[in-house]
Amino acid sequence: MASILETAKAAGCFATLLTAVEVAGLSAALDSPGPFTVFAPVDDAFAALPPGTVQTLVDNTPQLARILKYHVLAGAYRREQLIDQAEWPSLEGAPVPIRRAEPFEVKNATVVNADIVCDNGVVHVINRVILPG
């Protein structure tokens, strides 16, 4: 079985996320044993942000790291476990709200592919970048 980062690289739709993780200095953490639950925005989710947003975040690595950590939970949680609670604490510190009915949503993003199990956690593919606050 592959790690979270290996799985994301193999999928081919997370280039922006992988670059952001590298720029923010979080690659080693996401390649560690974890386990983690990652809400992974696809490339189209980053492309949908207002023009210049991604570059602004790349230029401000503390803010970029904060946003990326908001997409990660400590522990490996599948969909059936996540919907048991209305919100979960992110690594960033702010709670991530979970929609407990259909469709399965995380804050303002729809989960388009849930429960991708990796060596060091679980990935849930989302269609939007989520922001703390």
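Reader: Which residue of β6 is the bridge partner of Glu105, and what makes β5 and β6 a pair of strands?

Author: The bridge partner of Glu105 in β6 is Thr110. Strands are said to pair if DSSP finds at least two bridges between them, and two bridges join β5 to β6 (residues 109-118), so the two strands meet that definition, running antiparallel to each other. The strands themselves are DSSP runs of E with at least two residues, while helices are runs of H or I with at least four, and both are numbered from the N terminus. The model is a predicted one, in which local features need pLDDT of at least 70 and side-chain atom pairs count only at pLDDT 80 or more, whereas totals for chains, interfaces and linings use all residues. Residues are numbered from 1 along each chain as its sequence is written, and side-chain values use heavy atoms, with hydrogens and water left out.

Reader: Why are β2 and β5 called edge strands?

Author: Five strands make up an open sheet with mixed pairing, in the order β2-β1-β7-β6-β5. Each of the edge strands, β2 (72-74) and β5 (105-106), pairs on one side only.

Reader: How do you know in which sense β7 runs relative to β1 and to β6?

Author: Six bridges link β1 (residues 36-41) with β7, and these two strands run parallel; one of the partnerships is that of Pro41 with Ile126 in β7. Between β6 and β7 there are five bridges in the antiparallel sense, and Asn113 has Val125 of β7 as its bridge partner. The connection from β6 to β7 is a hairpin of two residues.

Reader: What makes β7 a mostly covered strand?

Author: A residue counts as buried under 20% relative accessible area, as exposed over 50%, and as partly exposed in between (1.4 Å probe, protein chains only). By that standard six of the six residues of β7 (residues 121-126) are buried. Both faces are covered, with Gly121, Val123 and Val125 on one side and Val122, His124 and Ile126 on the other.

Reader: Which residues of helix α6 are buried, and what do they pack against?

Author: In α6 (residues 61-70) the buried residues are Leu64, Ala65, Ile67, Leu68 and Tyr70. They pack against α2 (15-23), α5 (53-59), β2 and β4, where contact means heavy atoms within 4.5 Å. In general, an α-helix has 3.6 residues a turn, so residues three or four places apart point the same way.

Reader: Why is Ser3 called buried or exposed, and what makes its link to Asp31 a polar contact?

Author: Ser3, in the segment before α1 (4-11), has a relative accessible area of 8% and is therefore buried. The side chains of Ser3 and Asp31 are joined at 2.9 Å. A polar contact is a pair of N or O atoms within 3.5 Å; within protein, one must be able to donate a hydrogen and the other to accept it, and residues adjacent in sequence count only if both atoms are side-chain atoms. Leaving out residues up to four places away in sequence, Ser3 touches Asp31, Cys118, Asp119 and Asn120.

Reader: How do you know whether Cys13 is in a disulfide?

Author: A disulfide is a pair of cysteine sulfur atoms within 2.5 Å, and the sulfur nearest to that of Cys13, belonging to Cys118, is 12 Å away, which leaves Cys13 in no disulfide. A search of the whole structure finds zero disulfides. Cys13 has a relative accessible area of 29% and so is partly exposed, while Cys118, at 6%, counts as buried.

Reader: Why is the chain called as compact as a globular protein of its length?

Author: The chain has seven helices and seven strands. Its radius of gyration is 13 Å, close to the 14 Å that the globule rule gives for 133 residues, so the chain is as compact as a globular protein of that length. That radius is taken over C-alpha atoms, and the rule is 2.2 Å times the number of residues to the power 0.38. The C-alpha atoms fill a box of roughly 35 × 30 × 25 Å along the principal axes, and 40% of the 133 residues count as buried.
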